[in-house]
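User: Hello! I am new to this structure and would like a close look at a single part, the salt bridges. Could you walk me through them?

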Amino acid sequence: MNVCRHDRGARALVTLAGVIDPVTASQVRAAPEQCLRDGITLIDVDLTTVDRCDDSGLSVFLDVSKHAAEAQAFLLLHHPSPQTERLLMDTGCDGLLHPTRPGGARPQRA
């Protein structure tokens with residue numbers, strides 16, 4: 001798992017590359033949690049190069065989203081793979097995590 005963070009004022013872009021699973025979940029969690037500790041109020045997570053995300057990754061995003069809300073901040077997921085998009089939609093988390101497709105279009109539930 002590769003994690004890159006770029007800050008711009010109170011906004012951060014966290015770019016993830018690889019597979020999100022039980023082995024990498026703590027690494028995925030560390031970057032946005034550090035953003036919150038640093039006072040970032042908008043965390044954009046780019047999933048363009050995430051090959052697969054399982055329920056451990058979903059749990060990370062839900063936990064960080066909850067922590068963000070408690071800190072008056074937001075976590076936004078961008079460009080999930082079709083598999084990750086299905087996971088979000090099947091679990092009812094798509095509205096909470098705001099996944100977007102290229103161009104900003106929101107996926108629709110089937």
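Analyst: Here is a walk from the whole chain to its salt bridges. This is a predicted model, in which local features need pLDDT of at least 70 and side-chain atom pairs count only at pLDDT 80 or more, while totals for chains, interfaces and linings use all residues. Residues are numbered from 1 along each chain as its sequence is written, and side-chain values use heavy atoms, with hydrogens and water left out.

Let's start with the setting. The chain has four helices and four strands, where helices (H or I, at least four residues) and strands (E, at least two) are DSSP runs numbered from the N terminus. Along the sequence they come in the order β-β-α-β-α-β-α-α. Of the 110 residues, 45% are buried; buried means under 20% relative accessible area, exposed over 50%, and partly exposed in between, with a 1.4 Å probe and protein chains only.

Now to the part you asked about. Side chains of opposite charge can pair when their charged atoms come close. The structure holds four salt bridges, each being a side-chain nitrogen of Lys or Arg within 4 Å of a carboxyl oxygen of Asp or Glu.

Arg5 is a good place to begin, as its side chain meets that of Asp7 in a salt bridge at 2.7 Å, N to O. Arg5 is partly exposed, at 27% relative accessibility, and Asp7 is partly exposed too, at 43%. The side chain of Arg5 also forms a salt bridge with Asp38, at 2.9 Å from N to O. Since Arg5 sits in strand E1 (residues 2–8) and Asp38 in the loop between helix H1 (25–37) and strand E3 (42–53), this pair ties together parts that are 33 residues apart in sequence. Asp38 has 44% relative accessibility, so this residue counts as partly exposed.

Another salt bridge joins the side chains of Asp44 and Arg11, at 2.5 Å from N to O. This pair links distant parts of the chain, with Asp44 in strand E3 and Arg11 in strand E2 (residues 11–20), 33 residues apart. Its two partners differ in cover: Asp44 is buried, with a relative accessible area of 7%, whereas Arg11 is partly exposed, at 40%. Going back to the earlier pairs, salt bridges that share partners join Arg5, Asp7 and Asp38 into one network.
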